[in-house]
Amino acid sequence: MRAEFGYPIMVTPLSQFVGSQAAINVIVGERYKEVTDQTIEYAMGIWGKEGAALMDPNVKEKVLNRARAKEIAERPHPTDTLADLRRKYGGQGVSDEEILLRFFTSKEDVDKMYAAGPARTYQSNGGNPLLNLVAELAKQKDRRTVIIQCPDFSLRLGKRSTGV
């Protein structure tokens, strides 16, 4: 959750799955050639039967007709209800969001997250030197590629042709 303009922004698991899958589709250059485990689980109905039932049948078949889907289908999946999770991980006064966070990580990890305070946000025009550097490099008209290297890290930035 991140506050922007004073309003909290909640990112649901489904929107994270969709966003991740969309990015993978663009990077790979073909829709659903590569998929995340969460996309497979969504197609199986593990994240809710409604979504799997409403999924485009051709996409669902493409997602589920792969070896990784067979592996995921063979492992045990949670069947706890929210009431079960509340008994195990929270009790009264603990939000549904925190119950789920505790389920997927641990109470200790959630406590550390809250202790760290709100997420930092950066503006490309001021606070973050890396964002400023990338913004300035993107403005360069005379070069198409920038490579940043150090012993254990390498970053390559390249401009794509627009086809115009």
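This passage describes a pocket, a nonpolar core and a strand hairpin in a predicted model. Residues are numbered from 1 along each chain as its sequence is written, and side-chain values rest on heavy atoms, with hydrogens and water left out. Local features need pLDDT of at least 70 and side-chain atom pairs count only at pLDDT 80 or more, whereas totals for chains, interfaces and linings use all residues.

The largest nonpolar core (buried Ala, Val, Leu, Ile, Met, Phe, Trp, Tyr and Cys residues joined through side-chain atoms within 4.5 Å, buried being under 20% relative accessible area with a 1.4 Å probe, protein chains only) has 10 residues in all, among them Tyr32, Val35, Ile72 and Ala69. At least two residues of this core come from each of α2, α4 (57-64) and α5 (67-74), helices being DSSP runs of H or I of at least four residues and strands E runs of at least two, numbered from the N terminus. The largest share, 3 residues, is supplied by α2.

The second largest pocket (on a 1 Å grid over the protein atoms alone, an open set of points where a 1.4 Å probe fits, with protein on both sides within 12 Å along at least five of seven lines; lining residues have an atom within 4 Å of a point) holds about 190 Å³ of space, a volume being the space filled by probe spheres set on the points. α1 gives the most to the lining of this pocket, with 6 residues.

Strands β3 (residues 145-150) and β4 (residues 153-158) run antiparallel and are joined by 6 bridges, where pairing requires at least two DSSP bridges. The two strands form a hairpin with 2 residues between them, and isoleucine 147 stands opposite arginine 156 in β4.

Definitions and conventions
Buried < 20%, exposed > 50% of the residue type's maximum accessible area, 1.4 Å probe, protein only.
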